[in-house]
Amino acid sequence: MLPQHARHCPVLEAGSSLGFMVFPALEPNESYYIEYKGEGNYLFSYFQSNSVGKWEPVFYVAVILPVGGVGMLRQEVQFAAKNPPFSAEDAKSVMKALIVPEDLGTPAGAVTLKGATNFKTPERWDTVYTPIFNMIDRPVAPMLVVRVETDWYAHETEFRYVLQAGEGISGSHTMPIGQVVFVPREEITLRDCTEAERETIRESQSQFSREKAAARITTPYGMQYSPHYLRQSRAPKPKG
């Protein structure tokens, strides 16, 4: 999903490939769209593809939050066909398998999407739930990043985006809804570098700049880049 020129930026590609992408629990012939209408009103739309691959609506669920945040939320189901293949309760169950209705509106405009995969980490390792890295195409809805101790807590994979009124998020079998990264749960101690360490850092920076300039390549389209970092990062490292 990155522009083609990003292929010459190994640190950008390495950042994008950090962790794992998570997809919704949908079959190839299923998709959905959740929209925030404003003032506590949401609309969940569920689609299926027909025999020729065209997406057709199956049902809609309007979710209305209580005024002032006190009371029961309302869910109103409307089917696109006259003879629906399942009941209104089944439609609500399908929606609950893909989003978390109880989280809607916390904060205002929030939508929690469910992932198809949950994670259990080794002892003293956590899971960080993030939006998709380097996804910069506008409009991009902000997401609340959370870190969970998944070595002992059976947390379901969820991604909470915050929409503006009129915005929505779609989900399909091949479209990731978020990303997860696993990090060790350990204390980090910061200290100042010594003068000898600073001198070593400065020398390594100068050496890298010289070697990067010496390895510069010009593409057939006239763009210049250097593969030096890519070569160094993929070279065998001494075991330590």
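Author: Let's fix one word before anything else: two residues are in contact when they have heavy atoms within 4.5 Å of each other. Keep in mind, too, that this is a predicted model.

Reader: Fine. Then which residues does alanine 62 touch, not counting residues up to four places away in sequence?

Author: Tyr42, Leu43, Arg74, Gln75 and Glu76 meet that 4.5 Å cut-off, so they count as its contacts. Alanine 62 itself sits in strand β4. Leucine 43 is 19 residues away along the chain, yet the two C-alpha atoms are separated by 4.5 Å.

Reader: What makes β5 and β11 the edge strands of their sheet?

Author: Look at the order first: β5-β4-β3-β2-β11, an open sheet of five strands with antiparallel pairing. β5 (74–79) and β11 (168–172) each pair on one side only, and that puts them at the edges. Neighbouring strands here are turned by 15° against each other on average, ignoring direction.

Reader: How do you know that β2 and β11 count as a pair?

Author: Pairing takes at least two bridges. Strand β2 (residues 30–38) and β11 have five, in the antiparallel sense, so they pass. For a spot to look at, serine 31 stands opposite serine 172 in β11. While you're there, find helix α2 (residues 88–96), which packs on this sheet and touches β3 (41–49), β4 (55–64) and β5. The direction of α2 makes about 110° with that of β5.

Reader: And the other sheet, what is its strand order?

Author: β1-β12-β7-β9, four strands in an open sheet, again with antiparallel pairing. Here β1 (20–22) and β9 (146–148) are the edge strands, each pairing on one side only. The average turn between neighbouring strands of this sheet is 30°, direction ignored.

Reader: What makes β7 and β12 partners?

Author: Same test: at least two bridges are needed, and strand β7 (residues 125–130) shares six with strand β12 (residues 178–184), so they are an antiparallel pair. In β12, tryptophan 125 has proline 184 as its bridge partner.

Reader: Why is β6 called mostly covered?

Author: Buried means under 20% relative accessible area. Five of the five residues of strand β6 (residues 110–114) are buried, so the label fits. Both faces share in this: Ala110, Thr112 and Lys114 point one way, Val111 and Leu113 the other, and all are buried. β6 also pairs with strand β10 (residues 158–162), antiparallel and over five bridges, with alanine 110 bridged to valine 162.

Reader: Is arginine 160 buried, partly exposed or exposed, and how do you know?

Author: Arginine 160, which belongs to strand β10, has a relative accessibility of 23%. Buried needs under 20% and exposed needs over 50%, so arginine 160 comes out as partly exposed. Leaving aside neighbours within four places in sequence, its contacts include Asp103, Thr106, Ala110 and Pro142. Valine 183 lies 23 residues away in sequence, and the C-alpha atoms of the two are 20 Å apart.

Reader: What is notable about phi in arginine 124?

Author: Phi of arginine 124 is near 65°, a positive value in a residue other than glycine. Arginine 124 is in the loop between β6 and β7. At 46% relative accessibility it is below the over-50% needed for exposed, so it counts as partly exposed. Asparagine 134 also has a positive phi, about 60°, without being a glycine. This asparagine lies in the loop between β7 and β8 (143–144), and its 31% relative accessible area makes it partly exposed too.

Reader: Is the peptide bond from threonine 106 to proline 107 cis or trans, and how do you know?

Author: Omega is near -5° there, and the bond is cis. Proline 107 is in the loop between α2 and β6.

Reader: Last one: what kinds of residue make up the lining of the largest pocket?

Author: The lining divides into 15 nonpolar, three polar and three charged residues. The pocket has a volume of about 510 Å³. Of its 21 lining residues, Met135, Pro139, Val140, Tyr161 and Ile169 are the closest to the centre. All five are of kinds that count as nonpolar. β11 gives the largest share of the lining, three residues.

Note on methods: Residues are numbered from 1 along each chain as its sequence is written. This is a predicted model: local features need pLDDT of at least 70, side-chain atom pairs count only at pLDDT 80 or more; totals for chains, interfaces and linings use all residues. Side-chain values use heavy atoms; hydrogens and water are left out. Helices (H or I, at least four residues) and strands (E, at least two) are DSSP runs, numbered from the N terminus. Axes are lines fitted to C-alpha atoms, for helices over the stretch in contact, and angles run from 0 to 180 degrees between N-to-C directions. On a 1 Å grid over the protein atoms alone, a cavity is a set of points where a 1.4 Å probe fits but cannot get out, and a pocket is an open set with protein on both sides within 12 Å along at least five of seven lines; lining residues have an atom within 4 Å of a point. Grid points are joined across faces, edges and corners, and a volume is the space filled by probe spheres set on the points. Buried means under 20% relative accessible area, exposed over 50%, partly exposed in between (1.4 Å probe, protein chains only).
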